[in-house]
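This report concerns the confidence, the nonpolar packing and the ring interactions of one protein model. The sequence and the structure are shown first.

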Amino acid sequence: MVILLYKWWTIPVLSLGLFLNPVNTASKVNTTEIKIHPIHLSTVEIVHNAADKNLEITCKIFRDDFETTLTKTNNKVRVDLTNEKKESDNNKLISNYINNHLVITLDGKPVTLSFVGFEKEDVVIYSYLEVPNIVSVKKISITNSLMHDLFDDQIEIVHVIVNGNRKSTKLEYPAKQVDFEF
């Protein structure tokens, strides 16, 4: 859905010359540094895998935005997530960034996110993390500030699935905290 929205909006916005609209120029970064698209959105999905006793986390972020924010955090050394020769470096950058911007607390106890890897698909990057040895989940608290350091119109979609029960919410910048009970 996000990819379809991106493709649907990109052509009309760019062809009409509206790529410097007030929403985009309000961003914290100079708009000439990044490729403009009209929506700044990322998605985090957290699934409790009861059989494996793991919490499986997937973060979906637009590649151009993610490269821009990782470049900022990498002392302005350009980050190219499509460069397979830099995969090890990119893994470290992504892991550090996500661990600094995504905090999960289960039943009142913070958990450590273990980075599994990432993959590229068209215009997005999927990052995968996990938390092992999670037998059950009753309450999950999420602090999600992914991409908040880049855009002040960032939207975060958060999905949590426990025992087949799915709960979702939308966080609009500056909101970054959500709690779910199962």
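The sections below treat model confidence, then the nonpolar cores, then the aromatic rings.

The model is predicted. Its protein chain has a mean pLDDT of 83, with 80% of the residues reaching 70 or more. Residues 1–34 have pLDDT below 50, and this stretch makes 45 contacts in the model beyond near neighbours in sequence. Where pLDDT is low, predicted coordinates should not be read in detail.

The largest nonpolar core comprises 36 residues. Ile 46, Leu 55, Ile 57, Phe 66, Ile 140 and Ile 142 are those with the most contacts inside this core. Leaving aside residues up to four places away in sequence, Leu 55 touches residues including Ile 46, Val 47, His 48, Ile 104, Leu 106 and Ile 140. Another core, of seven residues, lies apart from the largest one; among its members are Val 124, Tyr 126, Ile 155 and Ile 157.

A search of the whole structure yields one aromatic pair. Phe 66 and Tyr 97 form this pair in an edge-to-face arrangement, with 5.8 Å centre to centre and 65° between the planes. The pair links distant parts of the chain, as its two residues are 31 residues apart. Both partners have computed accessibilities, as follows.

| Residue | Helix | Relative accessibility |
|---|---|---|
| Phe 66 | H3 (residues 63–73) | 0% |
| Tyr 97 | H4 (residues 87–101) | 3% |

Phe 66 counts as buried because its relative accessibility is 0%, under the 20% cut-off. Tyr 97, at 3%, therefore also counts as buried.

A further ring interaction involves a charge: Lys 167 lies over the face of Phe 182, at 4.9 Å from the ring centre.

Methods:
Residues are numbered from 1 along each chain as its sequence is written. This is a predicted model: local features need pLDDT of at least 70, side-chain atom pairs count only at pLDDT 80 or more; totals for chains, interfaces and linings use all residues. Side-chain values use heavy atoms; hydrogens and water are left out. A nonpolar core is a set of buried Ala, Val, Leu, Ile, Met, Phe, Trp, Tyr and Cys residues joined through side-chain atoms within 4.5 Å. Buried means under 20% relative accessible area, exposed over 50%, partly exposed in between (1.4 Å probe, protein chains only). Contact means heavy atoms within 4.5 Å. pLDDT is the predictor's confidence in each residue, from 0 to 100. Rings of Phe, Tyr and Trp (its six-membered ring) pair if their centres lie within 6.5 Å; planes under 30 degrees apart count as stacked, over 60 as edge-to-face and the rest as tilted. Helices (H or I, at least four residues) and strands (E, at least two) are DSSP runs, numbered from the N terminus. A charge sits over a ring if NZ of Lys or CZ of Arg is within 6 Å of the ring centre and within 35 degrees of the ring normal.
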